[in-house]
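Visitor: Walk me through this model, please. I will ask how each label is earned.

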Amino acid sequence: MRNHWQSVRVGLRWSALLWLLLGSPWSLAALTLADARQLLPEATALEPVAAVPGLYRVADAGGAPALLFQTDDFVHIPAYSGSPVNLLVGVSADGLIRGVRVRSHQEPILVIGITDADLQAFVAQLEGKRADDRIRVGAQGRAGYVGIDGLSGATITAMVITRTVTQAAANALAAYREQLPQTPAAPVSDPAAATATGPAAAAVPDWHWSWQQHRLRVIVLAAALVVLLLVLFLQDWLVQHKTFFQRLRVGYLLFTVVFIGWLWHGQLSVVNLLGFARNLAGGFSWDSLLLDPVVFLLWAFVALSILLWGRGVYCGWLCPFGAAQELLSKLSRRLGFAGYMLPQALHERLWAIKYLLLIAICGLALDSMAKAARMAEIEPFKTVFVMHFERPPLYVLFALALLAVTVLNSKFYCKYLCPLGAALSFVTRFRVFDWLRRRVECGHPCQTCANECQIGAIRPTGEIVDNECHYCLECQVTYWDEHRCPPLVRKRRKREVNRAGADTVIASDATAESPPG
Ligand code: SF4
Ligand code: SF4
């Protein structure tokens, strides 16, 4: 078994290396008059600006001359996928955006959930605005900003597209103006001479804006993460107060499902990891990572907690889909349905499925993020928490089936299918702390915790499999419970017998010593 995991790890490392090698930006095809006419239907001529590669002058019978370019030639802002979105942009002399079309992208949410028409409708909002306007998604009515509507479920992509267009336009216009003294005699080539466009980059960074806009959720989430840290540090004390701990845990899981998942769309995904790898390969950018404060805070916490305690802290407390499954299986057990555990040998072999899925997704991402994103549909997260079940019936049925199966076998999806859980498991072996307590009797012969662990993360031999453990702390509640943990039960009984014996002796002594009535 150990050899098997070693080869899986080696495979993943090679995948990452190949990715780094292959992740370089692609070269762009030259623009044609037909391209120009997509944005400027009355364009009559197109000529490249010799001194600025990728920039074209367009003579337009219907209006002022314009500049035409692809954003990839002027800016590199990684989007959700870790790759930039390439757009065709027409901009006029004074920085007015004349037209925008999406040329290519690797955004998974767009491939799956949002149509091309939605995307074009979104970018069409930029037409008629100035490149140096402070254009922000959702900033309607805010002084100093020009607000546009977002793309539902694709906030990061929408923000990156907006910034890509304005920043690329500012860069293209600046480059164009710089070369003007060398080409003074070109009337059609003079569009940008009259008005200097202020650099869009001078505005507040997008992530800054996003954090300000979501200040309340940042505060609430930060407080919740502090509470979780306290739970982890005080775990030995908390689990000895069983009722309080169990209520606290159910409350936390509800918070995770409702706030992190349903309202804030903070469900992490294996696609985030692919995007991060591409971001690294394409010239790392903090700006893109910081765009969604909830996702950023969660990943930062996951990075910390994985190295200290393992993947279980995220899977057991902060993953909305994991929390939803656990609440459902707790409810079903409360209603008297115990569920079924698979035989141990089969259970351990099925763990491999999630690692194989992860490898397949990483392999596909080397070819195309769109293909990887389709494969990553094994994650029902988008259906449940981003789209709120408003998807084609097949996706909805799949998500509902995974939620229903948790009643039969607790967290079935997490145990056997989740590629994100598999990815997090790899890092778990580097964790620093081992705070889950065990007794010499665990597994020899006691099987109480092993039978109770709903994740099946305790082997019959007694040891906890860290890669699989979800850090729910249920086994720690049992560890301290004098009525459930057999070694403690024996000690308690012995103590009670001794006490009862002592009480009997005292009582008989007292009887013997009492004066006859
Ligand atoms: S295994 Fe996957 S779905 Fe389950 S808790 Fe972990 S990340 Fe969430
Ligand atoms: S019961 Fe113990 S071993 Fe099982 S998942 Fe919870 S903390 Fe991990």
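Guide: The chain of this predicted model has 23 helices and 7 strands.

Visitor: How much of the chain counts as buried?

Guide: Of its 517 residues, 40% do. The cut-off is 20 or more other C-beta atoms within 10 Å of a residue's own.

Visitor: What makes strand β3 "mostly covered"?

Guide: In β3, residues 66-70, 5 of 5 residues are buried. Each therefore has 20 or more other C-beta atoms within 10 Å. Ala-66, Leu-68 and Gln-70 lie on one side, Leu-67 and Phe-69 on the other, and both faces are covered.

Visitor: How do you know that β2 and β3 pair?

Guide: Pairing takes at least two bridges. Strand β2, residues 55-60, shares 4 with β3, so the two pair, and in the antiparallel sense. Arg-57 has Leu-67 of β3 as its bridge partner.

Visitor: What joins β3 to β4?

Guide: 5 bridges do, and the strands run antiparallel. The threshold of at least two is met, so β3 and β4 (residues 86-92) count as a pair. Gln-70 stands opposite Leu-88 in β4.

Visitor: How do you know that the span of α10 agrees with its length?

Guide: Helix α10 covers residues 270-281, which is 12 residues. At 1.5 Å a residue they should span 16 Å. The end C-alpha atoms are 17 Å apart, so the span agrees.

Visitor: Which residues of α10 are buried?

Guide: They are Val-270, Val-271, Asn-272, Leu-273, Leu-274, Gly-275, Arg-278 and Asn-279.

Visitor: Which residues are around ligand 1?

Guide: Cys-315, Cys-319, Phe-321, Gly-322, Tyr-413, Cys-414, Cys-418, Leu-420 and Gly-421. Helices α14 (320-334), α19 (412-416) and α20 (419-428) each give two or more residues to this shell. By class, the shell has 7 nonpolar, 2 polar and no charged residues. Gly counts as polar, so Gly-322 and Gly-421 belong to the polar class.

Visitor: What residues come nearest to ligand 2?

Guide: Of 13 residues around ligand 2, the nearest are Cys-453, Cys-469, Cys-472, Glu-474 and Cys-475. This shell divides into 11 nonpolar, 1 polar and 1 charged. Glu counts as charged, so Glu-474 is the charged residue.

Visitor: What is the mean pLDDT of the chain?

Guide: The mean is 86, and 86% of residues reach 70 or more. Residues 14-26 fall below 50, with 16 contacts beyond near neighbours in sequence. Residues 183-202 are also below 50, with 38 such contacts.

Visitor: Why does low pLDDT matter to a reader?

Guide: Where pLDDT is low, predicted coordinates should not be read in detail.

Key. Residues are numbered from 1 along each chain as its sequence is written. Chains are lettered from A and ligands numbered from 1 in the order in which they are written. This is a predicted model: local features need pLDDT of at least 70, side-chain atom pairs count only at pLDDT 80 or more; totals for chains, interfaces and linings use all residues. The expected span of a helix is 1.5 Å times one less than its number of residues. A residue is buried if 20 or more other C-beta atoms lie within 10 Å of its own, exposed if 12 or fewer, and partly exposed in between; C-beta atoms are placed from the backbone. A residue is near a molecule or strand if its C-beta atom, placed from the backbone, lies within 6 Å of it. pLDDT is the predictor's confidence in each residue, from 0 to 100. Two residues are in contact if their C-beta atoms, placed from the backbone, lie within 7 Å.
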